Structures are given as structure tokens and as C-alpha cells.
Amino acid sequence: MMTKYNIIEKKHKDAVYTSLVSPRIIEDLKRGILDWIVGKKKYRDKNFSAQQLADLLHTNSRYISAVVNMHFHMNYTSFVNKYRVEEAMSMLTDPKKRKMNISDISKAVGFANRQSFYSAFYRINGCTPRDYRTRYFSAHPGAGETSRQAALKRRKAAREAAHQEKLAAMAEARLHPKKRGRPKKNSTPDGSTPRKTRKGRTPKDKK
């Protein structure tokens with residue numbers, strides 16, 4: 001268990017504020033939360049708080065937390081971190097970003113520090129961001145290739161296949177050699193010409 005990443009999530013009580021608001025308003029708040037956090041990607045802003053979101057939706061942060069809890073079954077921080085981690089996973093497996101520092105990825109998706117990034121990432125994936133990237137590219141060795149590299153590899157494979165086919169044909173020819181030309185007239189079963197006598201007759205002719 002990775003206690004150093006503080007992955008133990010705090011337990012939270014079910015919010016009671018939603019009982020004071022009509023279902024229509026709750027649904028509107030849900031759509032507004034998704035629009036700002038996911039649609040406008042405000043999760044990338046590490047300073048974007050529940051209170052700021054509440055101000056944009058003309059409500060208070062308690063209702064924001066209550067709606068997130070009721071519809072997404074997690075607290076507001078976990079809800080935001082979920083989308084941060086999902087984008088981080090995409091970046092970690094992007095061949096174009098393979099050399100990008102993990103700390104820079106953490107900042108790009110909205111985490112304030114390495115500790116909170118590793119904690120949230122481990123809670124969702126059960127491994128660190130570094131291990132996640134390593135496992136992905138080990139399982140997909142060709143993922144980081146450029147189109148030129150892929151084309152060169154295909155041509156090399158084609159040449160190797162042609163070479164192997166040629167070797168197979170040569171081996172087949174040695175096992176089953178083909179006789180050249182037609183056997184001569186009056187030839188023996190093995191294809192050789194019978195020995196002639198002095199008068200030009202074969203031993204067969206004497207009989």
C-alpha cells in the first residue's frame with residue numbers, strides 16, 4: 001500500500017442540502033457542473049475551486065458538493081481529479097509526449113503538486129504514473145514509431161520474407177533436382193548412352 005502518497009480518501013457524509021432544492025434545479029446544477037468542469041476543461045485550472053464554480057452557477061459551494069455527491073458518488077475534489085487523471089493517462093501513452101516530464105504532465109492537467117497527482121493517479125489505476133507509462137510502451141513497442149520508421153520496418157520485413165522464400169526454393173531444388181534435356185535415343189534406364197562395340201553396334205544389337 002502506498003501510504004507515502006496518502007491515498008486514503010476521507011469519508012464524507014451524504015449531503016442533505018439537495019432535499020431543500022427541487023429536482024429541476026438539481027438537474028440544472030448537474031449540467032452546469034459538467035459544462036464547466038468537463039466541457040470547458042476547468043479541471044486544468046488548479047486554482048478553480050468549488051466556490052468559484054458555485055459563483056458561476058449562482059448558487060453556493062454546499063449545493064455543488066451535494067449534487068456531485070448525489071450524482072457522481074464522490075466528493076468534489078475526487079470528481080475534479082478524475083478528469084485530471086484521465087487526461088494524464090492519455091498524455092502518458094501519447095508517443096508524441098513520451099519524453100515529456102511527468103511533473104510537467106501533472107501541472108498541465110491541473111494538479112498543484114506531485115504528491116496530489118501521484119495520490120489521485122494511484123487511487124484510480126493502482127500504480128504510479130511512471131509505471132503506467134512503462135507498462136503501456138512495453139505492451140505496445142511500436143507505439144512510439146514515426147511513419148518513416150514504420151515504413152522502413154515494413155520494407156525490411158518484406159526483404160526478409162523474400163530472402164526466406166528464396167532460401168526455401170533453393171532447398172527444395174537440392175532435394176528434388178530437375179533433369180535437364182531429354183534422354184537420348186537408345187539410352188539406358190538411368191539416362192546414360194549404351195557402350196558401342198567396334199562396329200558401331202551395341203551389345204544389344206549383337207543379340
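Visitor: Which residue does lysine 42 meet in a salt bridge, and at what N to O distance?

Guide: In general, side chains of opposite charge can pair when their charged atoms come close. In this predicted model, the side chain of lysine 42 meets that of aspartate 45 in a salt bridge, at 4.0 Å from N to O. The cut-off for such a pair is a nitrogen within 4 Å of a carboxyl oxygen.

Visitor: Are lysine 42 and aspartate 45 buried or exposed?

Guide: The class between buried and exposed runs from 20% to 50% relative accessible area. Lysine 42 has 24% relative accessibility and therefore counts as partly exposed. Aspartate 45, at 27%, is likewise partly exposed.

Visitor: How many salt bridges does a search of the whole structure find?

Guide: The search finds seven. One of them joins lysine 40 to aspartate 35, with 2.7 Å between the closest N and O atoms. Lysine 40 is partly exposed, its relative accessible area being 42%; aspartate 35 is also partly exposed, at 36%.

Visitor: What separates aspartate 28 and arginine 31 along their helix?

Guide: These residues are three positions apart in helix H1 (residues 23-39), so about one helical turn separates them. Their side chains meet in a salt bridge, with an N to O distance of 2.4 Å. Aspartate 28 is partly exposed, with a relative accessible area of 32%, and arginine 31 is partly exposed at 47%.

Visitor: Which residues are linked with this pair in a network of salt bridges?

Guide: The network of salt bridges links Arg24, Asp28 and Arg31.

Visitor: Charges may also gather without a partner of opposite sign. Where does a patch of positive charge appear on the surface?

Guide: A patch of this kind is built from residues that have no salt bridge and over 30% relative accessible area. Here Arg154, Arg155, Lys156 and Arg159 gather in such a patch of positive charge on the surface. Lysine 156 lies in helix H8, which covers residues 147-175. Its relative accessible area is 59%, so lysine 156 is exposed.

Visitor: Let us turn to the backbone. Which value does phi of histidine 58 take, and where is this residue found?

Guide: The feature to look for is a positive phi in a residue other than glycine. Phi of histidine 58 is near 60°. Histidine 58 is found in the loop between helix H2 (50-56) and helix H3 (61-72). With 75% relative accessibility, histidine 58 counts as exposed.

Visitor: What is phi of histidine 73, and in which loop does that residue lie?

Guide: Phi of histidine 73 is near 55°, again a positive value in a residue other than glycine. Histidine 73 lies in the loop between H3 and helix H4 (76-92). At 66% relative accessibility, histidine 73 is exposed.

Visitor: How many helices and strands does the protein chain contain?

Guide: Its secondary structure comes to nine helices and zero strands. Read along the sequence, the pattern is α-α-α-α-α-α-α-α-α.

Visitor: What share of the contacts in the chain links residues 24 or more positions apart?

Guide: Among contacts with a separation of 6 or more, residues 24 or more positions apart account for 62%.

Visitor: Finally, what share of the residues is buried, and how much area does the chain expose?

Guide: Of the 207 residues in the protein chain, 28% are buried. The cut-off for buried is under 20% relative accessible area. The chain exposes about 15300 Å², of which carbon and sulfur atoms supply 52%.

Terms used:
Residues numbered from 1 in each chain as written. Predicted model: local features only at pLDDT ≥ 70, side-chain atom pairs only at ≥ 80, totals over all residues. Heavy atoms only, no water. Helix = DSSP H or I, 4+ residues; strand = E, 2+ residues; numbered from the N terminus. Buried < 20%, exposed > 50% of the residue type's maximum accessible area, 1.4 Å probe, protein only. Contact = heavy atoms within 4.5 Å. Areas by Shrake-Rupley, 256 points an atom, 1.4 Å probe, with all protein chains shown as cover. Patch = residues over 30% accessible without salt bridge, like charges linked within 9 Å, V, L, I, M, F, W, Y side chains within 5 Å. Lys, Arg positive; Asp, Glu negative; His and termini not counted. Charge placed at Lys NZ, Arg CZ, Asp CG, Glu CD.
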